[in-house]
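User: Please walk me through this structure. I am new to it.
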Amino acid sequence: MIRITGDLRETVIAIAREAGAAIMDVYNGSFDVAHKADASPLTAADLAAHRVIVEALERLTPDLPVLSEESAHVPWETRRHWSAYWLVDPLDGTREFIRRNGEFSVNIALIDQGAPALGVVQAPVSGLVWHAV
C-alpha cells in the first residue's frame, strides 16, 4: 500500500498545473492536428503535457510505472503484475481543445492494488484543480 502524503498530493497538483501551462502555450497559438492509429486526434499540446507529466512522475516515483494515453502500448500481461502505477490522460478532451471551447483537462491518478488512491484533475483554461485521496 502506498502512503499518500500532503507533499505527494501537492507535488502532483503542481505537475498537473505545469502540464496545463504547456497545453495553454499551444492553445494560445496555432497548431496542427494529427491522428493516431485509432483515428483519434493528437496535437502538440497532448505531447507536451505528456512529456511534462511523465518526466516529473518518473523523478518523483522512479519505481512506479506511468501508463499514459500517449505512451507506447503496454500489454496487459505486463500491466497485470503492477501493484501500483500512475494512470495519466495528459489532455483529456483533445476534440474540445481543437474546437477551442475550453472543455478539456489534465488527469493524473495513482492506482494502488487496482483501485484509485489519489486523483488530480486540472482545467487549464480556468486553472481550477480538483483532487481526492
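What follows is a short set of questions and answers.

Analyst: This is a predicted model, in which local features need pLDDT of at least 70, side-chain atom pairs count only at pLDDT 80 or more, and totals for chains, interfaces and linings use all residues. Residues are numbered from 1 along each chain as its sequence is written, and side-chain values use heavy atoms, with hydrogens and water left out.

User: What pattern does the chain follow along the sequence?
Analyst: Helices (H or I, at least four residues) and strands (E, at least two) are DSSP runs, numbered from the N terminus. The chain has four helices and seven strands. Read along the sequence, the pattern is α-β-β-α-β-α-β-α-β-β-β.

User: What is the radius of gyration of the chain?
Analyst: The value is taken over C-alpha atoms, and the globule rule is 2.2 Å times the number of residues to the power 0.38. For 133 residues, that puts a compact globule near 14 Å. The chain agrees, with 15 Å.

User: How far apart are the end C-alpha atoms of helix α1?
Analyst: The expected span is 1.5 Å times one less than the number of residues. Helix α1 covers residues 6–27, which is 22 residues, so 32 Å is expected. The ends agree with this, at 31 Å.

User: Which elements cover the buried residues of α1?
Analyst: Buried means under 20% relative accessible area (1.4 Å probe, protein chains only). Among the buried residues of α1 are L8, V12, I13 and Y27. Contact means heavy atoms within 4.5 Å. The cover includes α2, β4, α4, β5, β6 and β7.

User: What share of the chain's residues count as buried?
Analyst: The same cut-off of under 20% applies. Of the 133 residues, the share is 45%.

Technical notes: Buried < 20%, exposed > 50% of the residue type's maximum accessible area, 1.4 Å probe, protein only.
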